[in-house]
Amino acid sequence: MIIRDYRQGDFLQIEDLWKETGVYRSERDDSPEVILRCNAQGGRFLVLEDETNNKIIGTSWLTWDGRRVHLQYLAVLPSQQGLGYGRKLAEESMAFTRNKGSSIKLEVHHDNIPAIELYLSMGFKILEGYEVYLVYYEA
Ligand SMILES: CC(C)(COP(=O)(O)OP(=O)(O)OC[C@H]1O[C@@H](n2cnc3c(N)ncnc32)[C@H](O)[C@@H]1OP(=O)(O)O)[C@@H](O)C(=O)NCCC(=O)NCCS
C-alpha cells in the first residue's frame, strides 16, 4: 500500500469508497473541481492505494482555510479496516499539519466509536460544549 496525492481520474473510485464507508453526502457537492481548488489554496488530498491493482482503499482530505487545517473524509474500505491503514493516513495527515505549524480540526459523529478512538489516540481533544451549525446555499 502507498499513500500518495490525489490525481485526476481518482474521483469515481473515491466517491464509491465514500459511499461504501458511509461518509458520502450528496448535498456537499464535493467534486474533482472542489478538490483541486482546495489543494490550490494550500490543502492536500491523500489517497491510500493498493499498487498491485491501483485500487483506492482509503482517503484523507485536508483543507486549509489560511488559519488551520480541517481533516475530512478519513475513510478506509470496510474490507481493509482494522489493519492499521486508518492510523497511517491519520499520521500522514498530522505530519502535513505539523509541517505547516498549524492546528488541525475535525468533526465526528458521537456514535462513530472507531473514528473517535483513533482520533483520541492521535492526541485530538474534544471541544466540550460546542455544536456544529451549517447552511447550504445553491451554487
Ligand atoms: C475510522 C477508520 C478510518 C479507521 O480506519 P482503520 O483502518 O480501520 O483503523 P486502524 O486499523 O488504523 O486502527 C486505528 C485505531 O482506530 C481505532 N479503531 C479502529 N477500529 C476500531 C473499532 N472497531 N472499535 C474501536 N476502535 C477502533 C483504534 O484506536 C485503533 O488503534 P489500535 O489498532 O491501536 O487499537 C475506519 O473505521 C473507517 O473508514 N470508518 C468509516 C468512515 C468514517 O466514519 N470515517 C471517519 C469520519 S469522521
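Let us begin with what it takes to sit beside the ligand: a residue is near a molecule or strand if its C-beta atom, placed from the backbone, lies within 6 Å of it. By that rule, 21 residues surround the ligand, and the closest are Q81, G86, R87, P114 and L118. Before we go further, please keep in mind that this is a predicted model, in which local features need pLDDT of at least 70, side-chain atom pairs count only at pLDDT 80 or more, and totals for chains, interfaces and linings use all residues. Residues are numbered from 1 along each chain as its sequence is written.

Which elements build the shell around the ligand? At least two residues each come from β4 (69-76), α3 (85-100) and α4 (113-121); helices (H or I, at least four residues) and strands (E, at least two) are DSSP runs, numbered from the N terminus. The most is given by α4, with six residues. In character, the shell divides into eleven nonpolar, eight polar and two charged residues. Here Ala, Val, Leu, Ile, Met, Phe, Trp, Tyr, Cys and Pro count as nonpolar, Asp, Glu, Lys and Arg as charged, and the others, Gly among them, as polar.

Stay with α4 for a moment. Of its nine residues, the number buried is zero, so α4 lies largely in the open. Buried means that 20 or more other C-beta atoms lie within 10 Å of the residue's own, exposed means 12 or fewer, and partly exposed is in between, with C-beta atoms placed from the backbone. After α4 comes G123, which has a positive phi near 105°.

Now turn to the sheet. Five strands form an open sheet in the order β1-β2-β3-β4-β5, with mixed pairing; two strands pair if DSSP finds at least two bridges between them. At the edges stand β1 (2-5) and β5 (104-105), each with a single partner strand, so one side of each has no neighbour in the sheet. Walking inward from β1, you meet β2 (residues 44-50), which runs antiparallel to β1 and is joined to it by four bridges. R4 has V47 as its bridge partner in β2.

Next, β2 and β3 run antiparallel and are joined by seven bridges, with D50 standing opposite K55 in β3. Their hairpin has four residues between the strands, and there N54 takes a positive phi near 60°. Then β3 and β4 pair in the antiparallel sense over six bridges, and L62 stands opposite L71 in β4. The hairpin of β3 and β4 also has four residues between the strands, with G66 taking a positive phi near 90°.

How enclosed are these strands? Seven of the ten residues of β3 are buried, so β3 is largely enclosed by the rest of the structure. For β2, five of the seven residues are buried, so this strand too is largely enclosed.

That brings us to the largest nonpolar core, a set of buried Ala, Val, Leu, Ile, Met, Phe, Trp, Tyr and Cys residues joined through C-beta atoms within 7 Å. Of its 21 residues, F45, V47, L71, L74, A75 and L89 touch the most other members. The largest share of this core, six residues, comes from β4.
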